Amino acid sequence: MGDKVLILGGTEDSLRLHSLLVRQGLAVILSFAGRTKLPASLPHEYRIGGFGGVSGLADFLRENDIAAVVDATHPFAAQISRNCLEAATTTGTPILRFTRPPWPKSEGDNWQEVGDETEAAASLPAGARVFLALGAQKLGAFAKRSDVGFVVRVVDPPVSPLLPFAHEVVTDRGPYDIECERELLLRHDISHIVARNSGGIGAAAKISAARDLRIPVLMIARPEISTDGSAAPTVETAKDACAWIIDRLG
Ligand code: NAP
């Protein structure tokens, strides 16, 4: 096994970890799915695009002599995390999951916890004005709720309509602050928010704004990664991830 680290990225956390590891003089490949526009400044060694499932990722680990893989993908990117766990197990590659903790429910939060987008869509009352900050791929579950007014926030301008009926689109890649989120919720007369429990500081601003404005949040729980009870060791900070890697590569 070599001394190269693969980071599965697509998150701010993965960029932070990449910088930390490079500063330690480690060889790192950062992998992006290529779903959204890439950050303006990119690391020296990166790759873009899917691997071709578990077997493709296992081949990549072997062919590139990867000494350790860090799954620093978004907490809701469950497929790549499952693939990563399986490919690392198959190839005997040490694996670490680096993911920020979910938001805890705080005093003043009016949350209804739901299992997925379908349950969230079914729970919305007719006539609600709903803010969706879910990413363009997750909107299918809301496509039958033409009795609800939606304001959808996405990172990149959509090339086709996001829903099959009139809706409003806000394009922004964040990070967001509470004042701007409050202003957005008030300007659009939002009565409900559907959010995923992503964790992190930037995305938390809408939750804090909802608390201030007493707006109910349908909070989608994180997906299970493991299907058989196995799990990668997990850390919540780039510093801890870096320490784990240095320990591994010793
Ligand atoms: P997903 O459903 O878990 O993954 C779908 C497929 O995309 C994977 O099977 C894999 O294709 C490819 N893929 C995903 N992440 C990859 C990576 N870092 N490098 C190479 N291939 C990758 O993922 P998703 O929810 O669509 O998210 C895609 C990417 O956007 C992730 O990297 C994630 O970190 C980032 N992101 C996601 C969200 C979100 O809300 N889901 C939010 C912010 C950022 P193959 O099977 O062909 O290998």
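At 0% relative accessibility, Ser14 counts as buried, and this residue is found in helix H1 of what is a predicted model. The side chain of Ser14 has a polar atom that lies 2.6 Å from the backbone oxygen of Thr11. The points below take up helix H1, then the surroundings of the ligand, and finally Arg129.

**Helix H1**

- Helix H1 covers residues 12–23, and its 12 residues reach 17 Å from the first C-alpha to the last, which is close to the 16 Å expected at 1.5 Å a residue.
- Ser14 shares its buried status with Asp13, Leu17, His18 and Leu21, and these five make up the buried residues of H1.
- When H1 is seen down its axis, the buried residues fall within an arc of 135°, so they line one face of the helix.
- An α-helix has 3.6 residues a turn, so residues three or four places apart point the same way.
- The other side of H1 carries Glu12 and Arg23, both of which are exposed.

**The shell around the ligand**

- The ligand is surrounded by 23 residues, of which Gly9, Ser31, Arg35, Phe51 and Arg196 are the closest.
- By residue class, the shell around the ligand divides into 8 nonpolar, 12 polar and 3 charged residues.
- Strand S2 (27–32) and helix H3 (78–91) each supply at least two residues of this shell, and H3 gives the most to it, with 4 residues.

**Polar contacts and burial of the ligand**

- Arg196, which is one of the closest residues to the ligand, places a polar side-chain atom 2.6 Å from an oxygen atom of the ligand.
- The backbone also takes part, since a polar backbone atom of Gly52 is 2.9 Å from an oxygen atom of the ligand, and a backbone N or O atom of Ala78 lies 3.4 Å from an oxygen atom of the ligand.
- Taken alone, the ligand exposes 800 Å², and the protein buries 79% of that area.

**Arg129**

- Arg129 has its place in strand S7, which comprises residues 129–132.
- With a relative accessible area of 24%, Arg129 is partly exposed, whereas Ser14 in the helix, at 0%, is buried.
- Although Arg129 and Val148 are 19 residues apart along the chain, their C-alpha atoms are separated by 6.3 Å.

Definitions and conventions: Residues numbered from 1 in each chain as written. Predicted model: local features only at pLDDT ≥ 70, side-chain atom pairs only at ≥ 80, totals over all residues. Heavy atoms only, no water. Near = heavy atom within 4 Å. Polar contact = N/O pair within 3.5 Å; in protein donor to acceptor, adjacent residues only side chain to side chain. Areas by Shrake-Rupley, 256 points an atom, 1.4 Å probe, with all protein chains shown as cover. Nonpolar A, V, L, I, M, F, W, Y, C, P; charged D, E, K, R; others polar. Expected span 1.5 Å × (residues − 1). Buried < 20%, exposed > 50% of the residue type's maximum accessible area, 1.4 Å probe, protein only. Arc of directions from axis to C-beta.
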